[in-house]
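Visitor: I would like to learn how to read a model such as this one, beginning with the sheet and then turning to the ligands. Could you take me through it step by step?

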Amino acid sequence: MLLVGKTVLVTGASAGIGRATAIAAARHGADVAINFLGSEDEAASCVAAITALGRKAIAVAGDVADPATASDFVTRAAEALGRVDVFVNNAGICPFHAFLDMPVETFERTMRVNLHGAYFMVQAAANQMMRQGQGGAIVAVSSISALVGGEYQTHYTPTKAGVHSLMQSTAIALGRHGIRCNSVLPGTILTDINKEDLADPEKRARMAQRIPLGRLGEPDDIAGPIVFLASDLARYVTGAALLVDGGAFVNLQ
Ligand SMILES: NC(=O)C1=CN([C@@H]2O[C@H](COP(=O)(O)OP(=O)(O)OC[C@H]3O[C@@H](n4cnc5c(N)ncnc54)[C@H](OP(=O)(O)O)[C@@H]3O)[C@@H](O)[C@H]2O)C=CC1
Ligand SMILES: C[C@H](O)[C@@H]1OC(=O)[C@H](O)[C@@H]1O
């Protein structure tokens, strides 16, 4: 049990990686607050899974693209659960689209959710940790896409590079306050975000073939490394980026 006595906040936790992380944190002894956008039932079932583990949980709806969502989520989590020890910035979208005719709205929405949302959420969580005066841990879900490109992800990959860079800079800004900031860089993980893209069996097989560990990832493959980075086992780790991709990145030739 790595997070006993801690309160963990996770954005975008009604589904996928965020949901797996919220439940894994509870399994490790944490009380958990989750943010989600519109999936009320899924958010409620995540809360139910956490309370079934004997931990406290709340779900707060809110669009991370709106900076006001950040202070609302953090304030309501601190009121309900007492404090904020760990913040996991996970909410994100990836509406696959070609570069040459990228709609301005798709580009702007992706930037606002993935990058602006991360910025203001991390800022709000860090300010709460500062008020508490006992440090904390921030983990951002970046991507292998921070390091490599994607033909239909020209709007998305820069946001993931940005999130990775944000953790490097906040690690410096917050280190003296005992707040650690790290990112995880998942490879391809089977979730709703890529269901349509990977519905093409040829593409799915091609992606899986590139992975030395022999399979695409699952949300729980990412939850474990996030719990580790959030925990005191990682107490001297900050500004780091942990690639969690089954070996895909290094498999060039
Ligand atoms: N799956 C993958 O292969 C990879 C994913 N990632 C990153 O992991 C993160 C999670 O992705 P994944 O689990 O795959 O995606 P899912 O689509 O499964 O889940 C996305 C989650 O984010 C929430 N969300 C979406 N938009 C917003 C918003 N504007 N405000 C608040 N919450 C929002 C959704 O809530 P709701 O259901 O209510 O809409 C949902 O809970 C993303 O940042 C993604 O970029 C990184 C590398 C690989
Ligand atoms: C959504 C994609 O399948 C996924 O997102 C990422 O960040 C990975 O690099 C994959 O491309």
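Guide: What follows goes from the sheet to the helix packed on it, and then to the two ligands in turn. Please keep in mind throughout that this is a predicted model.

Visitor: How should I read the sheet, and in what order do its strands lie?

Guide: As a general idea, the strands of a sheet pair through backbone hydrogen bonds, in either a parallel or an antiparallel sense. Here seven strands make up an open sheet with parallel pairing, and their order is β3-β2-β1-β4-β5-β6-β7. Its edge strands are β3 (57–61) and β7 (241–244), each of which pairs on one side only, and from one strand to the next the twist averages 15°.

Visitor: Which residues of β4 and β5 would show me one such pairing in detail?

Guide: Take residues 86–89 of β4 and residues 136–141 of β5, which pair in the parallel sense over four bridges; within this pairing, V86 has A137 of β5 as its bridge partner.

Visitor: Which strands does helix α3 touch where it packs on the sheet?

Guide: Helix α3 (residues 67–81) touches β1 (7–10), β2 (31–36), β3 and β4, and its direction makes about 155° with that of β2.

Visitor: Turning to ligand 1, which residues come nearest to it?

Guide: There are 33 residues around ligand 1, and of these S14, S39, N90, Y156 and T191 come nearest. For the polar contacts one looks at pairs of N or O atoms within 3.5 Å: an oxygen atom of ligand 1 lies 2.7 Å from a backbone N or O atom of G38, and a polar backbone atom of N90 is likewise 2.7 Å from an oxygen atom of the ligand. Taken alone, ligand 1 exposes 900 Å², of which the protein buries 91%. At least two residues of its shell come from each of α1 (16–27), β2 and α4 (104–132), and by class the shell holds 14 nonpolar, 15 polar and four charged residues.

Visitor: And how many residues of each class form the shell around ligand 2?

Guide: That shell divides into five nonpolar, six polar and no charged residues, including C94, F96, Y156 and N194. Three side chains can be followed to oxygen atoms of ligand 2: an N or O atom in the side chain of S143 is 2.4 Å away from one, a polar side-chain atom of S145 is at 2.5 Å, and for Q153 the distance from a side-chain N or O atom is 2.9 Å. Taken alone, ligand 2 exposes 290 Å², and the protein buries 90% of that.

Conventions
Residues numbered from 1 in each chain as written. Chains lettered and ligands numbered in written order. Predicted model: local features only at pLDDT ≥ 70, side-chain atom pairs only at ≥ 80, totals over all residues. Heavy atoms only, no water. Pairing = 2+ DSSP bridges. Axes fitted to C-alpha atoms, helices over the stretch in contact; angles between N-to-C directions. Contact = heavy atoms within 4.5 Å. Near = heavy atom within 4 Å. Polar contact = N/O pair within 3.5 Å; in protein donor to acceptor, adjacent residues only side chain to side chain. Areas by Shrake-Rupley, 256 points an atom, 1.4 Å probe, with all protein chains shown as cover. Nonpolar A, V, L, I, M, F, W, Y, C, P; charged D, E, K, R; others polar.
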